[in-house]
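Reader: I would like to learn how to read empty space and helix packing in a model, and I would be glad to have the general idea before the particular case.

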Amino acid sequence: MTLSATAVTTVIPTEATQQALGYPSLFLLVLIGALVPVVPTGALVSTAAVVAFHQKAPFSLLLVFVTASLAAFCGDAALYWLGRRGMRSKNGSRWLEAIRSRAPEERLAQAQGKLADHGTTVLVLSRLVPAGRIPVMLACLMAKWPLRRFSRGNLPACLAWAVTYQLIGILGGSLFPEPWEGVVAAIALTVLVGAAPSLWRRLRGTRPA
């Protein structure tokens, strides 16, 4: 028994349908990932870039870039605003406590020193270094940066972050003919990029004196 062309079209979503659902989903997930730093937003962007790379629709990759960078920027701005409210509050806030719990004292001290020396440039690097965003954000909060100043430095940081993980997705998508193979490759590359700094620190820490 064979399916008719109409039935197949009904079962398999078109590229337009995928885009209509995909971009809002990407924006929402990256936004949530910025507010609750447990969602692997880099892997999400890389996966979306693989899918866009294999689509025929024009500007797909550009839309992924705009969606991801805008969501990251809005999420960071919202989290920073909530953190500032907590700093001004007598009893703090659960959002400020969540930021503090993810910023070890050693990483926070390093972030404060780099922020004092290099200013907003550190924000760009913090977005690219795994687990570097929250300590630098807390350092900005403790330095009492206004939201406007933080946002000016965070905008290029979000753009650089979106470009980096989108390039990882494009690389994964270009290596394999099937989108799912590219997704697997992009996720593997993302995990490797995320694990590299901690692995390097461990190797340096285990070197003989």
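Author: We shall take the enclosed space first and the helix pairs afterwards, keeping in mind that this is a predicted model.

Reader: How many cavities of 30 Å³ or more does the count come to, and which residues line the largest cavity?

Author: In general, rolling a probe the size of a water molecule over the atoms shows where empty space is left. Here the count comes to one cavity of 30 Å³ or more, and the volume of the largest cavity is about 50 Å³. Its lining consists of Asp76, Leu123, Ser126, Arg127, Arg133, Val136, Met137, Phe150 and Asn154, with two or more residues coming from each of α7 (121–128), α8 (133–142) and α9 (147–175). Sorted by class, that lining has four nonpolar, two polar and three charged residues.

Reader: How should I read two packed helices, and at what angle do the axes of α5 and α8 cross?

Author: Two packed helices are described by the angle between their axes and the distance between the axes. The axes of α5 (residues 94–101) and α8 come within 9 Å and cross at roughly 125°; because angles from 115 to 145 degrees fall in the oblique class, α5 and α8 are oblique to each other. Their crossing is left-handed, and the contact joins Leu96, Ile99 and Arg100 of α5 to Ile134, Met137, Leu138 and Leu141 of α8. Six of these contact residues are nonpolar, none is polar and one is charged.

Reader: Which hand does the crossing of α4 and α9 have?

Author: The crossing of α4 and α9 is right-handed, and the axes of α4 (residues 60–88) and α9 come within 8 Å, crossing at roughly 145°. The contact of α4 with α9 has 19 nonpolar, four polar and two charged residues.

Technical notes
Residues are numbered from 1 along each chain as its sequence is written. This is a predicted model: local features need pLDDT of at least 70, side-chain atom pairs count only at pLDDT 80 or more; totals for chains, interfaces and linings use all residues. Side-chain values use heavy atoms; hydrogens and water are left out. On a 1 Å grid over the protein atoms alone, a cavity is a set of points where a 1.4 Å probe fits but cannot get out, and a pocket is an open set with protein on both sides within 12 Å along at least five of seven lines; lining residues have an atom within 4 Å of a point. Grid points are joined across faces, edges and corners, and a volume is the space filled by probe spheres set on the points. Helices (H or I, at least four residues) and strands (E, at least two) are DSSP runs, numbered from the N terminus. Ala, Val, Leu, Ile, Met, Phe, Trp, Tyr, Cys and Pro count as nonpolar, Asp, Glu, Lys and Arg as charged, and the others, Gly among them, as polar. Axes are lines fitted to C-alpha atoms, for helices over the stretch in contact, and angles run from 0 to 180 degrees between N-to-C directions. A crossing is left-handed if the near helix is turned anticlockwise from the far one by less than a right angle, and right-handed if clockwise. Angles under 35 degrees count as roughly parallel, over 145 as roughly antiparallel, 65 to 115 as roughly perpendicular and the rest as oblique. Contact means heavy atoms within 4.5 Å.
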